[in-house]
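This briefing is meant for a reader meeting the structure for the first time. It looks at charged side chains, how they pair, and where they sit.

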Amino acid sequence: MTPDEVRMLDNRYALLFIRGERPICDDKFDIMRHPNVRGTTDGKAEPFRHGVVTHSVATLTFDFTQNPAALPELAIPDIIYELLSEKDLEERFNQKEEETIP
């Protein structure tokens, strides 16, 4: 189609361009008739707010009015963590695979 023909298309049609495919001329869909539109602001729902906690499971409170010396000491377990590089991980996984192969 030429640009003039595209401009003369009826407004109920849409042109879809998908990489690797031929262009498609299809009917437009009225999104206001979609069943999930009621979950959007167009469907009178509250707008989504990023970073707002909506489903919290627990709450922590810290009371700093006590004497800090009276607070119990934390027991820190004697666990040694080792930071492995990608090369170290590959060597360990390859070593385990060799041990499991009969």
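**Charged side chains in a predicted model**

Glu82 counts as exposed, because its relative accessibility is 57% and the exposed class begins over 50%. The model is a predicted one, and the points below follow its charged residues from their pairings to a surface patch and an unusual backbone angle. As background, side chains that carry opposite charges can pair when their charged atoms come close.

**Salt bridge between helix 2 and the loop before it**

- Glu82 takes part in a salt bridge with Arg92, and the N to O distance between these side chains is 3.6 Å.
- Because Arg92 belongs to helix 2 while Glu82 belongs to the loop between strand 2 and helix 2, the pair ties together parts that lie 10 residues apart in sequence.
- Arg92 has a relative accessibility of 40%, and so it counts as partly exposed, whereas Glu82, at 57%, counts as exposed.

**Other salt bridges**

- The count of salt bridges in the model comes to 3, and among them is the pair of Arg7 and Asp4, whose side chains meet at 3.2 Å, N to O.
- Arg7 and Asp4 are both found in helix 1, which covers residues 3-7, and they stand 3 residues apart, which is about one turn of the helix.
- Within this pair, Arg7 is exposed, with a relative accessible area of 62%, while Asp4 is partly exposed, with a relative accessible area of 48%.
- A further salt bridge joins Arg12 to Asp10, with the closest N and O atoms 2.9 Å apart, and Asp10 counts as partly exposed at 41% relative accessibility.

**A negative patch on the surface**

- Glu86, Asp88, Glu90 and Glu91 together form a negative surface patch.
- One of these residues, Glu91, has its place in helix 2, which spans residues 86-100.
- Glu91 is partly exposed, with a relative accessible area of 47%, and it therefore passes the requirement of over 30% relative accessible area that is set for members of a patch.

**A positive phi angle in the loop**

- Lys44 is not a glycine, and yet its phi is positive, at about 75°.
- Lys44 lies in the loop between strand 2, which runs over 24-27, and helix 2, and the salt-bridge partner Glu82 is likewise placed in the loop between strand 2 and helix 2.
- With a relative accessibility of 77%, Lys44 counts as exposed.

Definitions and conventions. Residues are numbered from 1 along each chain as its sequence is written. This is a predicted model: local features need pLDDT of at least 70, side-chain atom pairs count only at pLDDT 80 or more; totals for chains, interfaces and linings use all residues. Side-chain values use heavy atoms; hydrogens and water are left out. Patches are made of residues with over 30% relative accessible area and no salt bridge: like charges are joined within 9 Å, nonpolar side chains (Val, Leu, Ile, Met, Phe, Trp, Tyr) within 5 Å. Accessible areas come from the Shrake-Rupley method with a 1.4 Å probe; for residues, only the protein chains shown count as cover. A salt bridge is a side-chain nitrogen of Lys or Arg within 4 Å of a carboxyl oxygen of Asp or Glu. Lys and Arg count as positive and Asp and Glu as negative; His and the chain ends are not counted. The place of a charge is taken as NZ of Lys, CZ of Arg, CG of Asp or CD of Glu. Helices (H or I, at least four residues) and strands (E, at least two) are DSSP runs, numbered from the N terminus. Buried means under 20% relative accessible area, exposed over 50%, partly exposed in between (1.4 Å probe, protein chains only).
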